[in-house]
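Work through the following exercises with the sequence and coordinates at hand, and try each task before reading its solution.

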Amino acid sequence: MVRAYLLIKVEGGTKIAGMEHVTKHPQVKKMTWVLGPYDAIVECELPSMDDLGTFARTVRACPGVAESVTCLAVD
């Protein structure tokens, strides 16, 4: 399994609508709103790096998502 964190910036006025599209995916384990350069952190778990790449592209395509950065978790 690959565990990662997606740091997400959302477009103004779309926080709730944009994140609903992200959090409905079964790969999402937890989503937290944060204050700082990003608006939300999503913890996800996927079977492979290829699946993570596909998931990250899916998140970036969600309405309201302006930008995202993917960070692999290292245990």
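**Exercise 1.** Is Cys 62 buried or exposed? Determine also whether the sulfur of Cys 62 can be part of a disulfide.

*Solution.* The model is a predicted one. Begin with accessibility: Cys 62 has a relative accessible area of 9%, and because the cut-off for a buried residue is under 20%, Cys 62 counts as buried. Next, take the sulfur distances: the closest cysteine sulfur to that of Cys 62 belongs to Cys 44 and lies 12 Å away, which is too far for a bond, given that a disulfide requires sulfur atoms within 2.5 Å.

**Exercise 2.** How many disulfides does a search of the whole structure find, and where does this leave Cys 44?

*Solution.* The search of the whole structure returns 0 disulfides. Cys 44 is accordingly in none, and its nearest cysteine sulfur, that of Cys 71, is 10 Å away. As for its surroundings, Cys 44 is buried, with a relative accessible area of 0%.

**Exercise 3.** Describe the sheet, starting from the strand order and ending with the helix that lies across the strands.

*Solution.* First, establish the order: the 4 strands form an open sheet, arranged S2-S3-S1-S4 with antiparallel pairing. Strands S2 (28–33) and S4 (65–72) are at the edges and have a single partner strand each, so one side of each lacks a neighbour in the sheet. From one strand to the next, the twist averages 20°.

Second, examine one pair: S1 (residues 2–10) and S3 (residues 40–46) run antiparallel and are joined by 7 bridges, and Val 2 has Leu 46 in S3 as its bridge partner.

Third, add the helix: H2 (residues 49–60) lies across S1, S2, S3 and S4, and runs at about 160° to S4.

How values were computed
Residues numbered from 1 in each chain as written. Predicted model: local features only at pLDDT ≥ 70, side-chain atom pairs only at ≥ 80, totals over all residues. Heavy atoms only, no water. Pairing = 2+ DSSP bridges. Helix = DSSP H or I, 4+ residues; strand = E, 2+ residues; numbered from the N terminus. Axes fitted to C-alpha atoms, helices over the stretch in contact; angles between N-to-C directions. Contact = heavy atoms within 4.5 Å. Buried < 20%, exposed > 50% of the residue type's maximum accessible area, 1.4 Å probe, protein only.
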